[in-house]
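Open the model in your viewer and keep the selection panel at hand. Each stop below says what to select and what is there.

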Amino acid sequence: MDTSVQLKQIQSFVNKLGVMRLKDLIKAVRNCKTAADERAVIAKESAFIRTQFKEENNDTRHINVSKLLYIFMLGYPAHFGQIECLKLVASNKFSDKRLGYLGIMLLLDENQEVLTLVTNSLKNDLNHSNMFNVGLALCTLGNISSVEMARDLSSEVEKLLGNSNTYIRKKAALCALRIIRKVPDLLDNYVIRANKLLNEEKNHAILLTGTTLLIEMCQLSKNVLNDTRKNVPRLVRILRNLVNNNYSAEHDVNGVSDPFLQVQILRLLRLLGHNNVEASDLMNDVLAQVATNTDNAKNVGNSILYETVLTIMNIESEKSLQVMAINILGRFLSNRDNNIKYVALTTLCQVASILTDSSSLQRHSSTIIDCIKDTDISIRKRAIDLAFILMNRQNIRVLARELLVSLETTTNEEKSKISRRLCECANRYKPNKRWEIDTVCRVLKIAGGHVEQDVINNFIRLISTSSTELQQYATSKLYNILNKKNDTVESQEGLQLATIWCIGEYCDLLLQSPLDDSLAINDEDETNNSSTEIPSETEVIDLLERLIEGSHVTNKIRQYILIALVKLTNKLSSNCRDRNNSIIAKYKTNINLEIQQRAVEFSSLNNLNDDIRSVVLDRMPALENTKEKKSSSSSSNVS
Amino acid sequence: MIQAVYIFNNQGKPRLISDYRNLDVQKSQEFLKETYNLIKTRKDNQCNFIEGSKLLGGSNTKIIYRHYATLYFVFVVDSSESELGILDLIQVLVESLDKCFENVCELDIVFKCDQVHYILNEIISGGMVLETKYGEVVHAFNEQSKIK
């Protein structure tokens with residue numbers, strides 16, 4: 001061998017000797033017992049790598065960059081290696097180039113100016129004779145190209161999209177996708193070649209990337225969408241071949257031939273058939289075929305069926321197909337695998353709004369109710385959403401009961417959303433007013449701390465527009481709930497607000513015997529049965545006094561109590577009146593301005609003439625809905 | 001579109017991070033931690049799909065994961081991807097790793113993380129699915145390893 005070559009080899013060997021290998025760095029990090037140790041090791045190695053980079057040594061560069069990438073993955077800064085990656089890319093050795101491109105993909109992002117320096121290397125590699133070099137360049141371009149790079153290199157990628165090598169073409173297709181996303185103006189250059197990709201019926205990877213590219217292009221441009229429709233027969237034919245299992249062992253996953261390709265074709269067909277009757281007609285047969293022939297025992301079959309259902313629901317399909325689709329989803333719902341259940345629930349939510357007749361959906365309501373009780377929180381959330389969509393007059397009682405049970409176990413953010421929706425639905429679909437009052441009471445009892453103010457306002461409005469019997473029923477029910485010294489009840493602010501308002505308005509009803517006995521029976525809330533005694537005046541005032549002086553009570557509740565107390569001075573006997581006034585007087589010097597103002601004003605109400613005072617504190621008329629009022633001409637708005 | 005691919009162990013230590021959203025280092029690590037927090041509480045018989053929390057993009061983002069022995073393979077995708085399809089894709093990735101490394105175990109992924117990246121780049125490009133036949137992936141990887 002030539003001595004100079006030998007010398008070079010020895011020199012490079014010596015250069016590498018002093019440098020820690022990646023394997024050793026990883027071992028050193030794994031041996032660290034504490035985080036501080038690890039940081040120290042990494043810091044030392046980072047400093048070493050930095051000095052090494054300054055020495056500009058070609059042999060050790062790739063070892064140092066691979067260590068740097070490892071350090072980067074652990075979360076430490078590594079930007080000083082960016083230029084080194086560029087140098088690696090410029091080298092002729094394939095392994096250096098590969099590592100360099102990987103480094104660029106990880107360390108750089110499209111916003112950095114350093115990225116433009118890579119453009120030249122990319123151009124050279126895109127025109128390289130070795131297909132793997134071209135592949136590397138396409139991969140990098142596809143992952144992080146910026147707008148300028150996309151513009152500069154677009155013509156190279158267009159050429160490669162017509163290359164005879166299938167490996168290059170499939171990568172070029174996805175690269176083109178990214179370019180189109182960055183620079184939508186260049187879309188037209190790719191249309192013809194993209195459509196040609198579909199001709200390659202033997203090579204599934206090309207078909208896959210081709211359909212992905214076409215999906216993206218159709219979403220971006222209506223012209224391309226109309227143009228691509230001419231490919232529907234071809235796509236239908238490919239799909240039919242796949243389903244009929246023209247068996248190719250390499251693409252087979254668990255007995256189904258190339259599920260990924262089937263799924264992408266179904267997606268493209270969905271786009272092409274949406275709002276277009278002729279295209280949809282061509283697809284009806286093959287969709288029915290896929291739906292019936294695919295085996296749903298394994299996950300693979302289910303993923304295809306899922307896409308088929310989505311496609312059927314989004315194109316102009318026949319009614320029988322739609323019913324078939326709903327039945328498939330119904331079967332999914334009773335599948336034991338949680339993944340399938342989840343996917344079915346999600347699709348049903350999307351589909352329920354499109355469905356013209358919901359009777360097919362109602363058939364599955366018992367399964368949906370089971371899902372509400374499932375232990376898995378993802379499934380529960382989806383099932384609750386679906387239950388709200390399905391709600392109507394017939395099933396509201398059953399669904400509401402289930403939803404109330406589930407309300408007890410949801411997270412706090414969910415509680416306010418669910419309680420609001422539940423109260424709205426109760427209002428819309430109620431069988432009778434008393435049921436609505438019961439339901440809202442239960443909601444407040446469970447989630448009162450998290451309901452929003454307008455839910456409470458609506459409830460108050462509901463009570464004020466009810467008959468006197470119902471008002472008495474509601475007030476006594478709320479009073480009994482609050483009277484029990486129960487910890488959970490005391491933290492439910494919404495419940496307390498509603499109860500206090502009712503006591504203030506309807507205290508006289510509360511103290512009478514029940515006007516309508518039939519209301520007290522058939523109470524769905526069992527806990528109330530034991531304590532339906534009629535309270536006395538002192539007991540009511542005791543409750544209010546206990547609440548206002550409680551330590552964890554908010555200022556809003558105190559304000560409500562002050563108003564309730566002053567309303568009570570009108571309705572109750574004179575010794576209670578004095579007691580109320582003395583309670584109110586205690587708050588005349590309170591720090592909070594709102595409370596102090598109210599206390600002072602209400603105390604001065606005392607000095608008014610009896611007639612005037614009784615008019616002021618009389619019961620409020622029924623509160624009308626402000627939204628309904630805006631439509632009528634009169635502006636007497638009492639809310 | 002696939003937004004990110006993570007491989008981490010039961011304690012949350014990252015073995016592979018591939019983010020297609022062009023995030024900086026800090027954000028990337030934050031997202032990884034958040035994803036780990038969402039996943040570690042799941043039992044094995046629960047479904048493999050979670051919705052992203054507010055930090056990760058809310059209900060438009062789905063997290064699809066598979067748990068193999070000590071490793072979690074996690075794909076964070078947006079609403080355009082099919083969940084069941086991504087589950088199969090995770091299977092393709094794992095089988096490719098198995099063929100390329102010969103009975104892969106966690107240590108292989110730890111010590112050869114750059115090679116894992118190369119394999120992943122054969123399967124996903126720019127957040128879109130490139131190749132779904134693991135035979136092709138392994139073939140391309142082996143060919144490239146032979147080049148000097």
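## Chain B

Select chain B and show its surface: chain B exposes about 5800 Å², and carbon and sulfur atoms supply 48% of that area. Accessible areas come from the Shrake-Rupley method with a 1.4 Å probe, and for residues only the protein chains shown count as cover.

Before going further, note that this is a predicted model, in which local features need pLDDT of at least 70 and side-chain atom pairs count only at pLDDT 80 or more, while totals for chains, interfaces and linings use all residues. Residues are numbered from 1 along each chain as its sequence is written, chains are lettered from A and ligands numbered from 1 in the order in which they are written, and side-chain values use heavy atoms, with hydrogens and water left out.

Now switch chain B to a cartoon. Five helices and seven strands appear in chain B; helices (H or I, at least four residues) and strands (E, at least two) are DSSP runs, numbered from the N terminus. Following the sequence, the order in chain B is β-β-α-β-β-β-α-α-α-β-β-α.

Of the 148 residues in chain B, 62% are buried. Buried means under 20% relative accessible area, exposed means over 50%, and partly exposed is in between (1.4 Å probe, protein chains only). Contact means heavy atoms within 4.5 Å. Among the contacts in chain B with a separation of 6 or more, 47% are between residues 24 or more positions apart.

Next, select B:Glu102 and B:Asn103. B:Glu102 is found in the loop between α2 (83-101) and α3 (106-111) of chain B, and B:Asn103 lies in the loop between α2 and α3 as well. What is the sign of phi in B:Glu102? The value is positive, near 60 degrees, in a residue other than glycine. B:Asn103, not a glycine either, has a positive phi of about 55 degrees. Most residues other than glycine have a negative phi. Are these residues buried or exposed? B:Glu102 is exposed, because its relative accessibility is 63%. B:Asn103 also counts as exposed, because its relative accessible area is 64%.

## Where the chains meet

Show both chains and color them separately. How many residues of chain A are in contact with chain B? There are 62 residues of chain A in contact with 54 residues of chain B. Select A:Met73, A:Arg98 and A:Phe260: they supply 14% of the area that chain A buries against chain B, more than any other three residues. About 5000 Å² is buried between the two chains, and carbon and sulfur atoms give 57% of that area. Buried area is the accessible area (1.4 Å probe) that two parts lose on being put together, summed over both.

There are five salt bridges between chain A and chain B. A salt bridge is a side-chain nitrogen of Lys or Arg within 4 Å of a carboxyl oxygen of Asp or Glu. To view a salt bridge, select B:Glu51 and A:Lys381, whose side chains meet at 3.5 Å, N to O.

Then select A:Thr209, in helix α12 (residues 204-220) of chain A. A:Thr209 counts as buried because its relative accessible area is 0%. Leaving out residues up to four places away in sequence, A:Thr209 touches A:Lys170, A:Ala173 and A:Leu174, and also B:Val129 and B:Leu130.

## Chain A

Hide chain B. Chain A has 36 helices and two strands, and 54% of its 639 residues are buried. Among its contacts between residues at least 6 apart in sequence, 70% join residues at least 24 apart.

Select A:Thr228 in helix α13 (residues 222-228). A:Thr228 is buried, because its relative accessible area is 0%. Not counting residues up to four places away in sequence, A:Thr228 touches A:Asn195, A:Leu214, A:Cys218 and A:Leu272.

Move to A:Glu469 in helix α27 (residues 468-483). A:Glu469 is partly exposed, because its relative accessible area is 32%. Add A:Leu509, 40 residues away along the chain: the two C-alpha atoms are separated by 8.7 Å.

For the last stop, select A:Leu608, in the loop between α34 (593-605) and α35 (610-616). A:Leu608 is partly exposed, because its relative accessible area is 35%. Add A:Ile612 and A:Val616: with A:Leu608 they form a nonpolar patch on the surface, with about 240 Å² of accessible area together. Patches are made of residues with over 30% relative accessible area and no salt bridge, where like charges are joined within 9 Å and nonpolar side chains (Val, Leu, Ile, Met, Phe, Trp, Tyr) within 5 Å.
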